[in-house]
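Student: I've got this one open on my screen and would like to walk through a few spots with you. Can we start with how one of the helices packs and then move on to some charged pairs?

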Amino acid sequence: MKNKPSKVHVDYHIYTVNDAKKLFNNRKIYIWGAGQKGRGFLKALERNGFKIEAFLDSSPKLIGEYYEGIPILDPKEIFEDKNKLNNAFILTASVDKKNKEMFKICEKYGLEKGKDFINIQRFTPYYPVIEISGSCNLSCISCPRGDFRSRFRKTGFMDITDYERVIKKLIAEMPFLYLVDLYVWGDPFLHPKLPEIIKINNKYGIAGGISTNLNYGNNIEEIIKSKPPQIRVSVSGYGPEHYEITHKNAKWDVFYNNLLMLHKYIKKYDTKTIVEVYFHVNKINISEFKKVKELCDELGFRLNSTISMVFPDYALEYIQTGKLPTNAQKGADIMLVSLDDMLKNAKKEKDKDCLLKRIVPVINWDLSVMPCCNYTYRKLADNYLDITFEEIIKLRENHPLCKTCQKYALHRYFNPLYYSDYIDNLLKVEIKNE
């Protein structure tokens, strides 16, 4: 009997410039999606000698605007003009669910997938992560970073010269690389040279994803001046009562004032930076979603809701021992869907692929390589600069962490999209009852 292939196995084609030329066939290129992914892929195209005609986007806030001199159009302007459509190649740049909706629209207008339109992820199917900051200033109850001493024995920041070397190697391996996240367990805002890192990304045409708890604001103005494409901010309540429970050691007033500062400096320097506020919904804060939404609407920030859950390290510990550390238990107690139920739901999808199979390589601040961004530190290789991409893939396929994770179906556990409709419906009822 043959062994089943690993659910983390990845065997995707990385597009070359010649591949792209054949695909586009001298047609006008449109990127459908003017958010972080679309803007990032614009840079990748320009880096390789391609220009786009326009962005397409259905957001009323974006239609009629420009990004770096490129117009943002209503998709109907292309789809309902046969002359434009016949000479168009469309690149969809959104999340999986939205991409599928875009595909259906393209096919409705007679376009053929793979010939007239394609998802940008096909060009660079891998999604690198670089942990530039090995430090965090909070001890959030659902995050193993809060259990610092037993899980993180070393801290530090990636050297700026090393960072540029990493980016150059990634681009050599993936010509159309367009997006790199700059975080795993640390907060990028703590890196003293974050503005320089953003400038390096801009220089090489890379959109760098930044996620922050926004409880450190000493360099917000310099960060915004460096023109980051996107900043993701996490929040778990409105006001100190509930926010400071889950975001342990955080201060609501600091977070709130820093949010206002982001808005102030984005307007001052006209950077077009997208700010996405991620609201982690749990039992005690769900009634505060409306206030967070009103604040985001006022500031012009995007708001996404996601289900609160304890991280996979804790889920694995719970499966193996039946227990959770004290802080993690507090996080589990306020989950909208219990930990037991989430683990049962994950088992239902055990035969599906790993949700994170594309997220590779995961590079630590000290240049070591980790097998997964969902678990705290385990080493895959000593130095990313000294190992080939193919070797990283092979090592990850056989890593004990991956095998253990799949054994317990945890490769399908940390899946906020699984609960997106459930959360959205709860929030609609909550807002209606206000």
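Tutor: Before the packing, one cut-off is needed: contact means heavy atoms within 4.5 Å. Please also keep in mind that this is a predicted model.

Student: Okay, so what covers the buried residues of α16?

Tutor: The cover over the buried residues of α16 includes α7 (160–173), β14 (369–370) and α17 (400–407).

Student: And which residues of α16 are the buried ones?

Tutor: In α16, which spans residues 389–397, the buried residues are F389, I392, I393, R396 and E397. Looking down the axis of α16, these buried residues fall within an arc of 130°, so they line one face of the helix.

Student: What about the other side of α16, buried or exposed?

Tutor: On that other side of α16, E390 and K394 are exposed.

Student: Switching to salt bridges, how many does the structure hold?

Tutor: There are 18 salt bridges in the structure. As background, side chains of opposite charge can pair when their charged atoms come close. One of the salt bridges sits in helix α7, where the side chains of K169 and E173 meet at 2.7 Å, N to O. K169 and E173 are four residues apart in α7, which is about one turn of the helix.

Student: Are K169 and E173 buried or exposed?

Tutor: Both K169 and E173 are buried.

Student: Where is R378, and what does it form a salt bridge with?

Tutor: R378 is found in the loop between β14 and α16, and its salt bridge is with D313, the closest N and O atoms being 3.0 Å apart. That pair links distant parts of the chain, since D313 belongs to helix α13 (residues 312–321) and the two residues are 65 residues apart.

Student: How do R378 and D313 compare, buried or exposed?

Tutor: R378 has a relative accessible area of 24%, so it is partly exposed, whereas D313, at 6% relative accessibility, counts as buried.

Student: What else is R378 in contact with?

Tutor: Leaving aside neighbours within four places in sequence, the contacts of R378 are D313, V369, M370, P371, H399 and L401. As for H399, it is 21 residues from R378 in sequence, and their C-alpha atoms are 9.8 Å apart in space. In addition, a polar atom of the R378 side chain lies 3.0 Å from the backbone oxygen of T376.

Student: Which other salt bridges should we look at? I had K357 and D353 marked.

Tutor: The side chains of K357 and D353 meet in a salt bridge at 2.5 Å, N to O. K357 counts as buried at 13% relative accessibility, while D353 counts as partly exposed at 37%. There is also a network of salt bridges that links E349, K352 and R412.

Student: New topic: where is S234, and is it buried or exposed?

Tutor: S234 is found in strand β10, residues 230–235, and at 15% relative accessibility it counts as buried.

Student: Which side chain does the S234 side chain make a polar contact with?

Tutor: That partner is the side chain of H247, and the polar contact is 3.2 Å. Again leaving aside neighbours within four places in sequence, S234 is in contact with T212, N213, H247, F255, Y278 and H280.

Methods:
Residues are numbered from 1 along each chain as its sequence is written. This is a predicted model: local features need pLDDT of at least 70, side-chain atom pairs count only at pLDDT 80 or more; totals for chains, interfaces and linings use all residues. Side-chain values use heavy atoms; hydrogens and water are left out. Buried means under 20% relative accessible area, exposed over 50%, partly exposed in between (1.4 Å probe, protein chains only). The arc is that of the directions from the helix axis to the C-beta atoms. A polar contact is a pair of N or O atoms within 3.5 Å; within protein, one must be able to donate a hydrogen and the other to accept it, and residues adjacent in sequence count only if both atoms are side-chain atoms. A salt bridge is a side-chain nitrogen of Lys or Arg within 4 Å of a carboxyl oxygen of Asp or Glu.
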